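Here are my notes for a first look through this structure. Have it open beside you and take the points in turn.

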Amino acid sequence: MLMDLELFLEILGIPSTSGEERRFADFLKERLCAPEAFEFEVGDGTVNLLLDWSGTGKPSFVFCTHLDTVPPYIAPSVDLVNKGDTLPDGRIAAQDDTIIKGRGSCDAKGQIFSMYNACLRLSEEGYKDFGLLLLAGEETGSHGAQSYTKNNPGGDFVLVGEPTDNCLASASKGTKSFEVTIPGKACHSGYPERGSSAVDGFVDMMNSLRQTEFPIDPVLGPTTWNVGDLLSSNPQNILSPETRFRIYFRTTFATDDMVQRKLLEAAPPGTVIHAFGGDTPMMYFSEVEEVPSKPVSFGSDAPRLGKFTRRAICGPGSILVAHTPREYVLVSDLALAVERNILIFKTVTKETI
């Protein structure tokens, strides 16, 4: 069965950045062919979508990925590549191929497309007890996954599509998010001894965190962190009265329980820290012959899908170009993903037609 690349370009042509994915879900409900389709309100204006081949609305095996993409929207483009060409992430093309670029090409509309094609193949072969679950809000906190888990049944197995180079994830890092407010005392910058700069407090805190020696996990490696939404709105000639920012940790089995304590130790006196939670590191099912496995350093909806007995992560494309202007997927990667999705399904279900 040949994949309908025009359909994939249609899918890529609909912007669906987080919070704006409802129109995309409505398009897929009408455009994709499945015996039944169910929409579930998330509660924030977005919806989850389940395409069901089981006839029950409760498939035992679920292919799952997310509807939303990170901003900004980047329109799709298609080009031919020759064997030996350098690809956007520095890899060398192993064969003559077609490259499809644009937002969502691998994260995660390429996942939707390859999983949908696997579903069509399985249906043609006579298999039935499976579905394709498409979730809202993965990029902004897995709101769709949380809503689905709260209000809907799980199943025996969920395969989550993320760009893993078509490898099964053997383990994934956890996440911890915090909002931090560091106080200062405003004064005329000509007389800094009369005040206290919150920016200086921020610099001191960052230096302290840089010097913190988190243990290296034997499976997931180092713990990493980054700062976003950094704000200090003081004019240049006034010492900063307050600095506010978000800090996001990617934790390991060795550090998940210690991150908040280390953050508090690094904070200047008077700092207010609000924890937004996150996910713990996870080990995953990875025993499928012919499918390589490796640990990954990113989060996904998988930890929030706790009503499924077994969970796994696998999909086409590279995480190294996801969320960047260089995002792409090769048609050969999509084709391999279809075969591996089918192989995983048949291996874990051992279902007979």
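1. Let's begin with strand 5 and strand 16 (residues 328–330), which run antiparallel and are joined by three bridges. Keep in mind that this is a predicted model. Two pairs to pick out here: K101 stands opposite Y328 of strand 16, and I99 stands opposite L330 of strand 16.

2. Now look at the other partner of strand 5. Strand 4 (residues 77–81) runs antiparallel to strand 5, and five bridges hold the two together. One of the pairs is L80 with T98, the latter being the residue in strand 5.

3. Put together, that makes an open sheet of three strands, in the order 4-5-16, with antiparallel pairing. Which strands are at the edge? Strand 4 and strand 16, each pairing on one side only. On average, neighbouring strands of this sheet are turned by 25° against each other, ignoring direction. Helix 1 packs on the sheet and touches strand 4, strand 5 and strand 16, with its direction at about 20° to that of strand 5.

4. How covered is strand 5? Mostly: of its five residues (97–101), four are buried. As a general aid when you look at it, side chains in a regular strand alternate between the two faces of the sheet. Helix 7 (residues 331–349) also belongs in this picture: it lies across strand 5 and strand 16 and runs at about 70° to strand 16.

5. Helix 1 (residues 5–12) has a helix partner too. Its axis and that of helix 3 (residues 109–124) come within 10 Å and cross at roughly 145°. The crossing is right-handed. On the helix 1 side, the contact is made by L5, L7, F8, I11 and L12, and on the helix 3 side by K109, G110, F113 and Y116. Sorted by class, this contact has seven nonpolar residues, one polar and one charged. A general point helps in reading such lists: an α-helix has 3.6 residues a turn, so residues three or four places apart point the same way.

6. There is another open sheet to find, with four strands in the order 10-11-9-12 and antiparallel pairing. Its edge strands are strand 10 (224–231) and strand 12 (272–277), each of which pairs on one side only. Neighbouring strands here are turned by 20° against each other on average, direction ignored.

7. Two helices go with that sheet. Helix 5 (residues 198–211) packs on the sheet, touching strand 9, strand 10 and strand 11 (242–251), and its direction makes about 15° with that of strand 11. Helix 6 (residues 259–266) lies across strand 9, strand 11 and strand 12, at about 20° to strand 9.

8. While you are there, check how strand 9 (residues 174–183) meets strand 12. The two run antiparallel and are joined by five bridges. V180 is a handy landmark, standing opposite I273 in strand 12.

9. Helix 4 (residues 143–151) is worth a stop. Its buried residues include G144, A145, S147, Y148 and T149. What do the buried residues of helix 4 pack against? Strand 1 (36–41), strand 2 (47–52) and strand 6 (130–135).

10. On the cysteines, the count of disulfides comes to zero. Why is C119 not bonded? Because the closest cysteine sulfur, in C64, is 11 Å from its own, too far for a bond. C119 counts as buried, at 0% relative accessibility. C314 is in no disulfide either, with the nearest cysteine sulfur, that of C167, 6.9 Å away. C314 is buried as well, having a relative accessible area of 2%.

11. Last stop: T56, in the loop between strand 2 and strand 3 (61–66). Is T56 buried or exposed? It counts as exposed, because its relative accessibility is 53%. For a sense of distance, try T56 and P241: they are 185 residues apart along the chain, and their C-alpha atoms are separated by 59 Å.

Notes
Residues are numbered from 1 along each chain as its sequence is written. This is a predicted model: local features need pLDDT of at least 70, side-chain atom pairs count only at pLDDT 80 or more; totals for chains, interfaces and linings use all residues. Side-chain values use heavy atoms; hydrogens and water are left out. Buried means under 20% relative accessible area, exposed over 50%, partly exposed in between (1.4 Å probe, protein chains only). Two strands pair if DSSP finds at least two bridges between them. Contact means heavy atoms within 4.5 Å. A disulfide is a pair of cysteine sulfur atoms within 2.5 Å. Axes are lines fitted to C-alpha atoms, for helices over the stretch in contact, and angles run from 0 to 180 degrees between N-to-C directions. A crossing is left-handed if the near helix is turned anticlockwise from the far one by less than a right angle, and right-handed if clockwise. Ala, Val, Leu, Ile, Met, Phe, Trp, Tyr, Cys and Pro count as nonpolar, Asp, Glu, Lys and Arg as charged, and the others, Gly among them, as polar.
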